[in-house]
Amino acid sequence: MQHAYKQTLYEQLEALPEGLTGEILNGQLHTQPRPAGPHALAESNLQIEIGGPFGKGRGGPGGWWILVEPEIHFVTDREVVVPDLAGWRRERMPHIPQGHRFEVVPDWVCEILSPSTASKDREIKMPIYAHYGVSYAWLIDPMRRSLEAYGLEDGDWRLLLEASGNDAIAVAPFDALKLELSNLWS
């Protein structure tokens, strides 16, 4: 009697059709379609706002890799997250990996909330980020035009800042820059 081959979760993730993003969170495969317009706009604008000063050193201190939707493997092929944005201090990750697997824990992640992903981002992904020692996490809600910034303290998230609308903020780990939230929405 032959046993049927059963794909691993990561093989299932790799086989997803174009247009779906997959993650393996707490041993379960989660999928979602590509983001809607407000989500994509906030993600792109935030990458522009912090990528230049922190990623390239243009008008800021540099010293970071700021990437859109990297595939982070906290446990290779078993605990796989795809944050909307992630950042690494270059002293911790001097080079970008040649493949698509990022195995160095990011220093910062950002999730752009949407109605279909907000509970997953808050209730599943935030505890995973804390468990693996991500130092900072931001949650941005383009519909509410809000940003929540968290810092990891003794294994738990501590709210550093809540801001909304057209506020101008300076918050860790990018507090060397004043970020005007209105630039994320327009």
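Let's start with a kink. In this predicted model, helix H2 bends by about 40° at Ile50. The kink lies shortly before a proline, Pro53. Now, how far does H2 reach from its first C-alpha to its last? It spans 26 Å with 20 residues. That is close to the 28 Å expected at 1.5 Å a residue.

Just after H2, look at Gly57. Its phi is positive, about 75°.

Which residues of H2 are buried? Among them are His39, Ala42, Glu43, Asn45 and Leu46. Ile50, where the kink lies, is buried too. So is Pro53. A general point helps here. An α-helix has 3.6 residues a turn, so residues three or four places apart point the same way.

What covers those buried residues? The cover includes strands S3, S6, S8 and S9. It also includes strand S13, residues 179–180, and helix H4, residues 182–185.

On to the sheet. It is open and has six strands. Read the order with me: S3, S6, S8, S9, S10, S11. The pairing is mixed. Which strands stand at the edges? S3, residues 64–68, and S11, residues 156–164. Each has a single partner strand, so one side of each has no neighbour in the sheet. Neighbouring strands are turned by 15° against each other on average, direction ignored.

Two helices pack on this sheet. H2, residues 37–56, touches S3, S6, S8 and S9. Its direction makes about 165° with that of S3. H3, residues 118–131, touches S8, S9, S10 and S11. Its direction makes about 175° with that of S8.

Now the pairs. Strands of a sheet pair through backbone hydrogen bonds, either parallel or antiparallel. S3 and S6 are antiparallel, over five bridges. There, Leu67 has Ala86 of S6 as its bridge partner. S6 and S8 are antiparallel as well, over three bridges. Leu85 is matched with Cys110 in S8. At the other end of the order, S10 and S11 pair in the antiparallel sense over eight bridges. Glu153 stands opposite Asp156 in S11.

Why is S6 largely enclosed by the rest of the structure? Because four of its five residues are buried.

One last residue: His30. You will find His30 in strand S2, residues 28–33. Is His30 buried or exposed? The cut-off for buried is under 20% relative accessible area. His30 has 17%, so His30 is buried. Leaving out residues up to four places away in sequence, His30 touches Thr21, Gly22, Glu23, Leu25, Lys120 and Ile124.

Definitions and conventions
Residues numbered from 1 in each chain as written. Predicted model: local features only at pLDDT ≥ 70, side-chain atom pairs only at ≥ 80, totals over all residues. Heavy atoms only, no water. Pairing = 2+ DSSP bridges. Axes fitted to C-alpha atoms, helices over the stretch in contact; angles between N-to-C directions. Contact = heavy atoms within 4.5 Å. Buried < 20%, exposed > 50% of the residue type's maximum accessible area, 1.4 Å probe, protein only. Expected span 1.5 Å × (residues − 1). Bend = angle between axes of the 7 residues up to and from the residue.
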